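Here's a quick briefing to read with the model open beside you. Take it one topic at a time, and find each piece on screen as you go.

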Amino acid sequence: MSDRPLNKGPHDLGGTAAGPIDTTDHGMKFWEKQANALRSTLGLKKIVRVDELRRAAEDLGDQYYKLAYFERTTMALRTLLLEKGLITEAELKAKMAEVRGRFDAK
Amino acid sequence: MSAMSDTAFDYYSHRKHDHEHDDHAPVAGEAEGPPSDYEIMSRAMQELLEAKGVVTAEEIRRRMEIFEEEFPYRGSRVIARAWTDPAFRARLLEDGKAACAEMGVELEATRLIAVENTPDVHNVIVCTLCSCYPRELLGMPPTWYKSDNYRARVVREPRSVLKEFGTVLPDNVTVRVHDSNADMRYVVVPIRPQGTKDWSEEQLAEILTRDTLVGVTVPQAPGKA
Amino acid sequence: MRSKRTRTRKALPSTYTPAPGHRFNVGDRVVIKRAFPPGHRRTPCYIRGKEGVIERICGAFPNPEELAYGFDGEPAKVLYRVRFNQKHVWPDYQGPARDLIEMEIFEHWLAPASGRAQTAGPTQSG
């Protein structure tokens with residue numbers, strides 16, 4: 001930690017200490033495939049650039065280490081959609097409550 | 001939407017041969033529990049964007065389908081062609097995107113560099129900074145490729161990482177790691193195993209699994225020890 | 001840069017783009033800048049300050065450091081692939097001296113390597 005250079009993002013992992021690799025491919029849940037398709041579609045339409053998504057994930061700071069891959073990408077997309085004014089925090093909060101309600105009702 | 005995922009599962013079982021699962025594509029995700037906040041958030045963002053006309057449900061569905069049913073199977077076909085056609089192999093190594101386009105494999109924005117394994121050189125691919133991967137050629141990357149531990153260790157101790165995948169290389173073979181950190185994407189052209197001389201491209205594509213094209217394993221001809 | 005195709009039919013899309021005015025050539029010894037600016041960078045920290053050799057010129061591409069913040073990344077910057085000996089990157093590298101690592105580095109992160117060359121690594125073809 002004392003040797004860590006300034007401005008090294010949480011994503012800059014090459015060469016850092018790490019444990020054994022889980023070599024099994026655990027695949028993707030349905031929502032993850034859908035999230036990937038959403039990101040890809042937004043990219044094709046040039047609404048969101050992959051560079052912006054990367055930057056938003058990197059800016060998660062220490063939270064980066066606590067999140068799984070698709071959790072990071074979801075948070076990054078949230079940041080960008082808010083930044084670009086495509087959604088508001090209030091809209092997102094309300095829609096999340098609605099979506100949660102539908103799942104709970106099942 | 002659940003009908004869509006049923007179709008995808010059926011497609012995989014249709015493609016099964018002797019393998020326990022399809023080694024060309026990511027496996028179906030593990031048992032789905034109650035949705036996490038992130039799943040809720042992702043779904044909510046998608047619905048808001050659909051309501052605002054930014055994207056349509058059909059566009060998302062079609063994109064999911066392409067990722068499931070097309071992308072994962074292209075890489076093995078391209079490399080199988082390279083194994084059987086030396087002139088195509090040379091063109092692939094010179095300009096990966098152009099060679100793929102020749103075969104009707106349009107890589108969209110991806111710029112592809114093919115790196116060949118030889119008796120002297122073994123290539124392995126990583127993106128330490130995120131998860132860059134030639135998705136239009138190989139489909140979605142496996143979970144291990146995106147894992148922090150792979151990203152951290154394969155650049156610094158590639159031989160010990162390869163051992164974790166069951167791949168052991170002698171010291172007289174150069175291990176060449178590619179960190180795909182900018183605009184290029186990479187695919188490995190593995191060494192064609194002995195005993196496959198009369199195989200069709202389809203048969204060759206079967207043993208060119210996703211892991212061999214990233215470089216953590218080497219293709220096995222069934223029947224070999 | 002790769003040679004132009006001689007096909008007469010409709011041009012195929014290429015991996016590479018032109019790189020007019022590129023500063024470095026294949027085979028040049030270079031050093032990666034030892035700098036740690038804030039913000040989005042595609043030069044991993046582990047390679048900063050290390051010496052390598054230009055392996056190929058990829059072309060010129062919009063600067064990701066600008067794209068990340070919504071700018072257009074123009075003017076495009078020349079992107080190179082640089083080859084390094086693992087032993088020159090990691091002091092404790094466990095494998096043989098022949099092992100290599102390669103990645104893409106933008107021109108503004110490169111300077112000519114100066115002084116005595118590091119112990120020459122094995123030459124490898126593509």
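Take the contacts in chain C between residues at least 6 apart in sequence: 60% of them join residues at least 24 apart. Keep in mind that this is a predicted model. For chain B, the share of such contacts joining residues at least 24 apart is 70%.

**Chain C on its own**
- Chain C contains two helices and five strands.
- Start at the N terminus of chain C and you'll meet the elements in the order β-β-α-β-α-β-β.
- Of the 126 residues in chain C, 37% are buried.

**Chain B on its own**
- Chain B has 12 helices, plus four strands.
- Buried residues account for 51% of the 225 residues in chain B.
- The domain assignment splits chain B into domain 1 (2-21 + 34-69) and domain 2 (71-214).
- Measure up those two domains of chain B by their C-alpha centres, and you get 26 Å between domain 1 and domain 2.

**Where chains B and C meet**
- How many residues of chain C are in contact with chain B? There are 27, and they touch 29 residues of chain B.
- On the chain C side of this contact, β2 (51-61) and β4 (100-106) each supply at least two residues.
- β4(C) gives the largest share of that side, with five residues.
- Sorted by class, the side of chain C that touches chain B has 14 nonpolar, six polar and seven charged residues.

**A sheet built from both chains**
- Follow the strands across and you'll find an open sheet of seven, in the order β2(B)-β3(B)-β4(C)-β3(C)-β2(C)-β1(C)-β5(C), with mixed pairing.
- Which strands sit at the edges? They are β2 (121-126) of chain B and β5 (110-112) of chain C, each of which pairs on one side only.
- From one strand to the next, the twist averages 35 degrees.
- The link between the chains is easy to look up: strand β3 (residues 174-179) of chain B runs parallel to β4(C), and four bridges join them.
- To find a matching pair there, look for Val177(B), which stands opposite Ile101(C) in β4(C).
- β4(C) also pairs with strand β3 (residues 77-85) of chain C, this time in the antiparallel sense and over seven bridges.
- In that antiparallel pairing, Val82(C) stands opposite Met103(C) in β4(C).

**A closer look at helix α2 of chain B**
- Helix α2 (residues 37-51) of chain B has 15 residues, so at 1.5 Å a residue it should span 21 Å. Its end C-alpha atoms are 21 Å apart, which agrees with that.
- Which residues of α2(B) are buried? They are Tyr38(B), Glu39(B), Ile40(B), Met41(B), Ser42(B), Arg43(B), Ala44(B), Met45(B), Gln46(B) and Leu49(B).
- What covers those buried residues of α2(B) includes three helices from chain A, namely α1 (30-44), α4 (69-83) and α5 (89-105). From chain B itself, α3 (57-69) is also part of the cover.
- After α2(B) comes Gly53(B), whose phi is positive, near 75 degrees.

Definitions and conventions: Residues numbered from 1 in each chain as written. Chains lettered and ligands numbered in written order. Predicted model: local features only at pLDDT ≥ 70, side-chain atom pairs only at ≥ 80, totals over all residues. Expected span 1.5 Å × (residues − 1). Buried ≥ 20, exposed ≤ 12 C-beta atoms within 10 Å, placed from the backbone. Contact = placed C-beta atoms within 7 Å. Nonpolar A, V, L, I, M, F, W, Y, C, P; charged D, E, K, R; others polar. Pairing = 2+ DSSP bridges. Domains from an automatic or database assignment. Axes fitted to C-alpha atoms, helices over the stretch in contact; angles between N-to-C directions.
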